[in-house]
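Here's a quick tour for anyone meeting this structure for the first time. Have a look at the picture, then read on.

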Number of protein chains: 2
Amino acid sequence: MLEAHQYLRQFSIKPSVQRSAVMNFLLNNRIHPTIDEIYMALSPNMPTLSKTTVYNTLDLFVEKGAVRPLVIDEKNARYDVDISAHAHFMCKSCGAVHDIFNVNPSYFTLPQSDKFNINAVEISYSGICNVCKGN
Amino acid sequence: MLEAHQYLRQFSIKPSVQRSAVMNFLLNNRIHPTIDEIYMALSPNMPTLSKTTVYNTLDLFVEKGAVRPLVIDEKNARYDVDISAHAHFMCKSCGAVHDIFNVNPSYFTLPQSDKFNINAVEISYSGICNVCKGN
DNA sequence: CTTTGTGCAAATTCTTTGCACCAAA
DNA sequence: TTTGGTGCAAAGAATTTGCACAAAG
């Protein structure tokens, strides 16, 4: 937990018990969790935790640049504590989201445009994972 | 409308008045509309149209490969009738989604993986458009 | 007729909001 | 104390579902 505590300070986020717990979960569970997954994972050990706090906390983390919101799952918001340039894969069957690191870094270059001020890119792959495919 | 009618047949979609109207709208309004935008645009001329039908219709179009669902807007599902490989830009201020065609075609290459069966890719850019920026 | 499509209303799910209470400085 | 954080309950928004009626073949 101390680790998460320190980590938050790097992003100028005041640590609280709840914030540290959420960050700790994100740092140790690189599953790009949904709000509900975070809430479900933490509430057994923090019975008073509310989902509103998880929403507030993730909004703050995104605002401070400590996590990035993923746009890959139409159903739920998902968050990644790894803010380095990398892509993601989502299995259309089980819904799991995985990191894809072997993507040419040049793909993350932002294109020039005279109509838009482009400042972020997201590369999302989808298909079926081997677990769902049955091997 | 005849155009849309024919277009649907190419994808083995039985045309109905509603389906043709939706496809016609998509073909002539390349704005990557949401369900609500489609519904709002058509309902004045089709008072009995229901939003459920718009949902059903778009689901069918996606299933038949006539349109592709965009994963770029966390708030609403958006659809693109142009199924060729190209990227999109979404303005975080006004929410408008635009096509980005000047992206290196190689970026759309699907990476190989022994863990996943990757069969689709989406490249999404975001930022602020010039209209919102004030010039 | 029989199948397929449409549309209303209700239900569900995810997210946001308002407000009171708690905690830290 | 004063500010900021938390949590409950209610509200809101997008989507899905169940079912009855309409349309097409």
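A polar contact here is a pair of N or O atoms within 3.5 Å, and within protein one of them must be able to donate a hydrogen and the other to accept it. With that in hand, take B:Ser124: a polar atom of its side chain lies 3.4 Å from the backbone oxygen of B:Val71. Keep in mind that this is a predicted model.

**Around B:Ser124**

B:Ser124 sits in strand β5 of chain B. Is B:Ser124 buried or exposed? Its relative accessibility is 9%, so B:Ser124 counts as buried; the cut-off for buried is under 20%.

Across from B:Ser124 in β5(B) stands B:His88, and that takes us to β3(B). This strand pairs with β5(B), residues 116-129, in the parallel sense over four bridges. It also pairs with β4(B), residues 97-100, over four bridges, this time in the antiparallel sense. In that second pairing, B:Ala87 has B:Ile100 as its bridge partner. The hairpin of β3(B) and β4(B) has five residues between the strands, and B:Gly95 takes a positive phi near 85° there.

Why is β3(B) described as largely enclosed by the rest of the structure? Because five of its five residues, 87-91, are buried. In a regular strand, side chains alternate between the two faces of the sheet. In β3(B), both faces are covered: B:Ala87, B:Phe89 and B:Cys91 are buried on one side, and B:His88 and B:Met90 on the other.

**A helix in chain B**

Helix α2(B) runs over residues 17-28, which makes 12 residues. From first C-alpha to last it reaches 16 Å, close to the 16 Å expected at 1.5 Å a residue. Its buried residues are B:Ser20, B:Ala21, B:Val22, B:Met23, B:Phe25, B:Leu26 and B:Leu27.

**Two copies**

How do chains A and B fit together? Chain B superposes on chain A by a rotation of 180° with 0.0 Å of shift along the axis, at an RMSD of 0.1 Å. The two copies are thus related as by a two-fold rotation axis. In chain B, the C-alpha nearest that axis belongs to B:Ile123, 2.4 Å away from it.

**Meeting the DNA**

Now for the two DNA strands. Of the 15 residues around strand C, A:Tyr55, A:Ala77, B:Ser16, B:Ser50 and B:Thr53 come nearest. Of the 15 around strand D, the nearest are A:Ser16, A:Ser50, A:Thr53, B:Tyr55 and B:Ala77. Sugar and phosphate make up 73% of the strand D atoms that come within 4 Å of the protein. For strand C, 76% of such atoms belong to sugar or phosphate and the rest to bases.

Here are some of the contacts with phosphate oxygens:

| Residue | Polar atom in | DNA strand | Distance |
|---|---|---|---|
| A:Ser16 | side chain | D | 2.4 Å |
| A:Arg19 | side chain | D | 3.0 Å |
| A:Ser50 | backbone | D | 3.4 Å |
| A:Tyr55 | side chain | C | 2.9 Å |
| A:Ala77 | backbone | C | 2.9 Å |
| B:Lys75 | side chain | C | 3.5 Å |

Which elements give two or more residues to the surface near strand C? They are α4 of chain A together with α2 and α4 of chain B. That surface has three nonpolar, eight polar and four charged residues. Near strand D, the largest share, three residues, comes from α4(A), and the residues divide into three nonpolar, nine polar and three charged.

Conventions
Residues are numbered from 1 along each chain as its sequence is written. Chains are lettered from A and ligands numbered from 1 in the order in which they are written. This is a predicted model: local features need pLDDT of at least 70, side-chain atom pairs count only at pLDDT 80 or more; totals for chains, interfaces and linings use all residues. Side-chain values use heavy atoms; hydrogens and water are left out. A residue is near a molecule or strand if one of its heavy atoms lies within 4 Å of it. Ala, Val, Leu, Ile, Met, Phe, Trp, Tyr, Cys and Pro count as nonpolar, Asp, Glu, Lys and Arg as charged, and the others, Gly among them, as polar. Buried means under 20% relative accessible area, exposed over 50%, partly exposed in between (1.4 Å probe, protein chains only). Two strands pair if DSSP finds at least two bridges between them. The expected span of a helix is 1.5 Å times one less than its number of residues. Copies are superposed by least squares on the C-alpha atoms of residues with pLDDT of at least 70 in both.
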